Amino acid sequence: MKRRNFIRNSSNAGLALSILGLAACKGTKKEEKQIEAASETEEVEIEPFFKLSLAQWSIHRMVREDGVDPYTFAEKAKKWGFSGLEYVSQLYNPELSDAGYSEEAMAAFVEKSNAEAKKHGLQNVLIMIDGQGNLAVSDEKERDETVEKHKKWVDAAAAMGCHSIRVNLSGSNDPEEWKKNSIDGLTKLCTYAKGKNINILVENHGGLSSNGAMHAEVMKAVAMDNCGTLPDFGNFCITRKKGTRECELMYDKYKGVKELMPYAKAVSAKSHDFDAEGNETEIDYVKMLQMVKDHGYTGFVGVEYEGNGLSEEEGIMATKELLLKASKEIK
């Protein structure tokens, strides 16, 4: 009799536990559904396919007009949410030019820049070189002198851990001469830079360099793996009306970027003005970024604000936000 009661009691206990278990399962499933519903309403943050760098030209008015120390570049870029630095050589004048770009002056530039980048945890990406001569000039002696002037910048870029320097292909305005001169000047400079593990990048920066098809022909002819392009979304004016900044002959910017992207080792997101929705008024950023992504590019995209409607800081942030917004709309 006692044994029978024990079995009955055990059965009742088991049943109770089973009921509790079912209740617990139902509660768990209910909670899971609530979690699933909540997760569906949350916006999934999509990381862009590129990294963000800041082109120092975006603060050129701060440096030249407001007296801001160019060596605060890394500090500002960090504050504004960038991870890469794109230096502009001319913003360190007259410090460097007055010293004749001496070894000592260049070493000081490298040391200070490296210290600031390290202090703020940013990556040195490239140096944009201006005012060092014409790489596509027809006079071979002058062209060779230009190559020599650029070598000190190749050395500086290597000492700073940059992957490239950006150069300009100015000189002859005759298309055939320009191509021939460009190939010669680039080949000589790239040969030197190869030993330093530095790329030589050509930006579409006015003149014949803004003709995407011709620019691409030069890249194909040089055919060196450390020779490439830096497509800029907005620099496609080939000629300007005499004595003005008004463009006389404009190359199709979308065609140009498409032609330059196969050789791209950096990309510049130029901006001037924005509409009420935060879009650039003359450049379709979604269209541009789609082409960049379609070519398999995953490196740094540099913010380069060059407008007058906003302060430089406001323009930089507006460009950055536009890039992030546009990156979510591409396929």
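1. In this predicted model, the count of cavities of 30 Å³ or more comes to one. The space in that largest cavity is about 40 Å³.

2. Which residues line the largest cavity? Its wall is made by Pro70, Tyr71, Phe73, Ala74, Tyr87, Tyr92, Ser113, Glu116 and Ala117. By class, seven of the lining residues are nonpolar, one is polar and one is charged. Two helices, H3 (73-79) and H5, each supply at least two residues of this lining. H5 gives the most, with three residues.

3. Ser113 deserves a separate entry. Ser113 is part of helix H5 and also belongs to the lining of the largest cavity. Is Ser113 buried or exposed? With a relative accessible area of 3%, Ser113 falls under the 20% limit and is therefore buried. Leaving aside residues up to four places away in sequence, Ser113 touches Tyr71, Tyr87 and Met160. Tyr71 and Tyr87 are also among the residues that line the largest cavity.

4. The second largest pocket holds about 160 Å³ of space. Its lining consists of Tyr101, Ser102, Glu103, Met106, Ala107, Val110, Lys152, Asp155, Ala156 and Ala159. Helix H5 (103-119) and helix H6 (140-159) are the elements that give two or more residues to this lining. Six of the lining residues are nonpolar, one is polar and three are charged. H5 thus appears again here, having already been noted at the largest cavity.

5. H6 also packs against another helix. The axes of H6 and helix H7 (residues 175-194) come within 10 Å and cross at roughly 35°. The crossing of H6 past H7 is right-handed.

6. Which residues of H6 and H7 meet? From H6, the contact takes in Glu140, Arg143, Asp144, Val147, His150, Lys151, Val154 and Asp155. From H7, it takes in Asn181, Asp184, Gly185, Lys188, Leu189, Tyr192 and Ala193. By class, the residues of this contact divide into five nonpolar, three polar and seven charged. Asp155 takes part in the contact with H7 and is also one of the residues that line the second largest pocket.

7. The largest pocket has a volume of about 930 Å³. Of the 35 residues that line it, the closest to its centre are Asn235, Arg240, Arg245, His272 and Glu306. The lining has nine nonpolar, 13 polar and 13 charged residues.

8. Which elements each supply at least two residues to the lining of the largest pocket? They are helix H2 (60-64), strand E7 (237-240) and strand E8 (247-250). E7 gives the most, with four residues.

9. Some overall figures for the protein follow. The secondary structure comes to 11 helices and 10 strands. Of the 331 residues, 45% count as buried, Ser113 being one that is buried. Among contacts with a separation of 6 or more, 78% are between residues 24 or more positions apart.

Conventions:
Residues numbered from 1 in each chain as written. Predicted model: local features only at pLDDT ≥ 70, side-chain atom pairs only at ≥ 80, totals over all residues. Heavy atoms only, no water. 1 Å grid on protein atoms, 1.4 Å probe; cavity = no way out; pocket = protein on both sides within 12 Å on 5 of 7 lines; lining within 4 Å. Points joined across faces, edges and corners; volume = space filled by probe spheres on them. Nonpolar A, V, L, I, M, F, W, Y, C, P; charged D, E, K, R; others polar. Axes fitted to C-alpha atoms, helices over the stretch in contact; angles between N-to-C directions. Left-handed = near helix turned anticlockwise from the far one by under 90°. Contact = heavy atoms within 4.5 Å. Buried < 20%, exposed > 50% of the residue type's maximum accessible area, 1.4 Å probe, protein only.
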